[in-house]
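Q: I should like to learn how to read the features of a structural model, one at a time. Where should we begin?

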Amino acid sequence: MNSNHEILFQPLKIGKLEIKNRFAMAPMGPGGLCDIDGTYNERGVEYYVERAKGGTGLIMTGVTMVENDIEKCALPSMPCPTLSPLNFVKTGLLMTERVHAYGAKIFLQLSAGFGRVSIPSIVGKTAVAPSPIPHRWLDGVTCRELTIEEIHTYIRKFAESAAIAKKAGFDGVEIHAVHEGYLLDQFAIAMFNQRTDEYGGSLRNRLRFAVEIVQAIKAECGQDYPVSIRYSIKSFIKDWRQGGLPGEEFTEMGRDIEEGIEAAKILEEAGYDAFNGDVGSYDSWYWSHPPMYQKKGLYLPFNEILKQHLSVPIITAGRMENPDLASAAILNGMTDMVALGRPLLADADIPNKIRKGQLSQIRPCLSCQEGCMGRLAKYASISCAVNPACGREKEYGIEPARKIKNVLIVGGGISGCEAARVAAIRGHHVTLHEQNYRLGGNVIAGGVPDFKEDDHMLISWYEEQLSELGVDVRLNSAVTRDSLLEAAADEIIVATGSTPRMLAIGNADNVYSAEDVLLGKKDAGQSTVIIGGGLVGCETALWLADQGKQVTLVELQADILTVGGPLCHANEDMLRDLVAFKNINLRTNTMVSGSTTDGFTLKSGEVEEQIAADSAIVAIGYLPQKALYEEVYKDLSVNVHLLGDARQVQNIMYAVWDAYEVARNL
């Protein structure tokens, strides 16, 4: 272990409970991990135990409902102790006893619910709130105001749930949340809480709900039973459904830092034993669920403020997997613990690997949110784009092959690398041919912008994994149909990827692919027109704008980011807001119809306009390269599989997932 990282493995107390190290698993929605009676299923048990086994000192479960009548959720969606207390204790013990075997502690996160941010697929088209306010997602839906009787029911159910959790072996509970704009946060923020009774008006009244919850839990479970709180010191709400970006000047409509400090003091005084701190809200949820466009450790400046005003431990998540960053944050008094959420989905063994000094062995989280937040919102299940076994650890792991085969893989992009890794783990003899000088495929270009550095880290991880597994990697190695058939492999995987679509614009010779510009093969000049407002076009536009280039982004559709995806809303919303914030000249319902001596002609409807530009960059998608597969497939004696972009141009998640599925069954 690097001596600079020793602080990460020093114990810490929350109340009187000692945690063995400074790593916590950040709470994330446990979609797919519970049964219809609100109890954890086998997937849920294996999911949390895997992270305890990986060295995390404190496991925080995801959102757990305390009741299911006031805000009725479709089941199974999230756990709920009060639906079937006996069964919850039984399944909870199966999990907590195994977590404790690894020296870890585990908190059950208890939630008052969604309120105006309810997910329609789970709650439907009605919602509760502190006051009759607009729904976050559903146009035309006004939330119903909670009655005082319902508030008191929630408080009683929190105490009941905590008692059930304690009986089930949970070492403490976390209250979710005066954070991110969920129901308790809506009560705490004046913008949302327009009540005139004892639960509205002054800050203390708006916090009364959260205060009475911790008091009820302590009365039920004892003063020494730890209760942490998920807390956002600042909301970053610019207006209804509008967030403020990093570096943007705006008037805070939610909780500002001054009020956030005062609220935190009131909550600490009430009895909360730790603050699991972040910033943001569902109106600015690219703060609460940070995409790759947010810097790493983004919550540290805000939690440092909490540290200066509170005496209880502060826990900080927010892209904190870098051990140098994490160690420095603790040593410099910015936080007490480091919470890893999505990184522990990508690699459950991060703490153990840091302790052993195996940093290059850590599979990186890409902050893409495709397998976690995006999948939770759309399918109510959690997983990970780069770790297909996440959330189904026991049933979807990698088993040794019964028969060892010779596996030949053509293509060293992400799909080919994942297939090679899984096949080699199973014991097969694997040879991988890549026609270029390095592995990575299209991710090499896609990872060039500084905010995509984790994409390149994924390539490096694959390079090391394949080397350690003894995969015969042959670079600068072109493959033909004849050479494939002559190899006499038992299984052939063709993962030849895709190439950028191109356009000819008049006689212009300054029209380049985004790939060539990103790789430095072509110079875009000081001004450019980017054709295509998909993910590649928008990210290339940001990258060039950050270099001081004048960028015009042209999209034929009525909006950007309509083709491909779908992206997680947090990623999509931030990308849209950044395009506007960076003063990128966005032209929708527009096409590039020709070239001029000093630029290009734009056409929108019947209106044409000439624009000066040094270049045009084409980002209109990719074409699958499957010719080799089609040639080989004709030979019926060969077992051949088509994977990755060569099969269908999609995202990294499906490149990994499809390769994993095929290779684990070879």
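Q: Is Cys221 buried or exposed?

A: The model is a predicted one. Relative accessibility is the quantity to read: a residue under 20% is called buried. Cys221 has a relative accessibility of 6% and therefore counts as buried.

Q: How many disulfides does the structure contain?

A: A disulfide is assigned where two cysteine sulfur atoms lie within 2.5 Å. The search of the whole structure returns 0 disulfides. Cys34, for instance, is in no disulfide, and the nearest cysteine sulfur, in Cys80, is 9.5 Å away. Cys34 is also buried, at a relative accessible area of 4%.

Q: Why does Cys221 form no such bond?

A: The closest cysteine sulfur to that of Cys221 belongs to Cys80, and it is 16 Å away, so the two are too far apart for a bond.

Q: Which residues have the most contacts inside the largest nonpolar core?

A: In soluble globular proteins, nonpolar side chains tend to be buried together. In this model the largest nonpolar core comprises 180 residues, and those with the most contacts inside it are Phe170, Val173, Ile175, Tyr231, Leu267, Tyr272 and Phe275. The element that gives the most to this core is helix H23 (residues 652-663), with 8 residues.

Q: What is Ile175 in contact with, apart from its neighbours within four places in sequence?

A: Leaving those neighbours aside, a contact list shows what a residue meets from elsewhere in the chain. For Ile175 the list holds Leu110, Phe158, Leu184, Ile213, Ile217, Val227, Ser228, Ile229, Arg230 and Tyr272.

Q: Which residues of helix H10 are buried, and what do they pack against?

A: A helix can be read by listing its buried residues and then the elements they meet. In H10 (residues 300-309), Leu300, Phe302, Asn303, Ile305 and Leu306 are buried. The partners of the buried H10 residues are strand S10 (227-232), helix H8 (257-270), strand S13 (274-278), H9, strand S14 (314-316) and helix H11 (323-331).

Q: What is the volume of the second largest pocket, and which residues are closest to its centre?

A: A pocket is an open space, described by its volume and its lining. The second largest pocket has a volume of about 790 Å³. It is lined by 50 residues, and Glu180, Tyr182, Tyr282, His289 and Met373 are the closest to its centre. Two or more lining residues come from each of helix H3 (120-123), helix H9 (285-288), strand S15 (337-340), helix H12 (342-346) and helix H14 (373-379). H14 contributes the most, with 3 residues. By class, the lining of this pocket comprises 29 nonpolar, 13 polar and 8 charged residues.

Q: How many cavities of 30 Å³ or more are there, and what lines the largest cavity?

A: A cavity, unlike a pocket, is a space from which the probe cannot get out. The count is 3 cavities of 30 Å³ or more. The largest cavity holds about 90 Å³ of space. Its lining has 13 residues, with Cys365, Cys368, Cys372, Cys384 and Ala385 nearest the centre. These lining residues divide into 9 nonpolar, 3 polar and 1 charged.

Q: Where are cis peptide bonds found?

A: The angle to inspect is omega. A cis bond joins Leu75 and Pro76, with omega of about -5 degrees, and Pro76 is in the loop between strand S5 (64-65) and helix H2 (85-101). A cis bond also joins His176 and Ala177, where omega is about 0 degrees; Ala177 belongs to strand S9 (residues 172-178).

Q: Which residues other than glycine have a positive phi?

A: Glu180, one of the residues closest to the centre of the second largest pocket, has a positive phi of about 60 degrees. Glu180 is in the loop between S9 and helix H5 (183-188) and is buried, at 2% relative accessibility. Asn589 also has a positive phi, near 50 degrees. Asn589 lies in the loop between strand S24 (585-587) and strand S25 (591-595), and is partly exposed, with a relative accessible area of 44%.

Definitions and conventions: Residues numbered from 1 in each chain as written. Predicted model: local features only at pLDDT ≥ 70, side-chain atom pairs only at ≥ 80, totals over all residues. Heavy atoms only, no water. 1 Å grid on protein atoms, 1.4 Å probe; cavity = no way out; pocket = protein on both sides within 12 Å on 5 of 7 lines; lining within 4 Å. Points joined across faces, edges and corners; volume = space filled by probe spheres on them. Helix = DSSP H or I, 4+ residues; strand = E, 2+ residues; numbered from the N terminus. Nonpolar A, V, L, I, M, F, W, Y, C, P; charged D, E, K, R; others polar. Buried < 20%, exposed > 50% of the residue type's maximum accessible area, 1.4 Å probe, protein only. Core = buried A, V, L, I, M, F, W, Y, C linked by side-chain atoms within 4.5 Å. Contact = heavy atoms within 4.5 Å.
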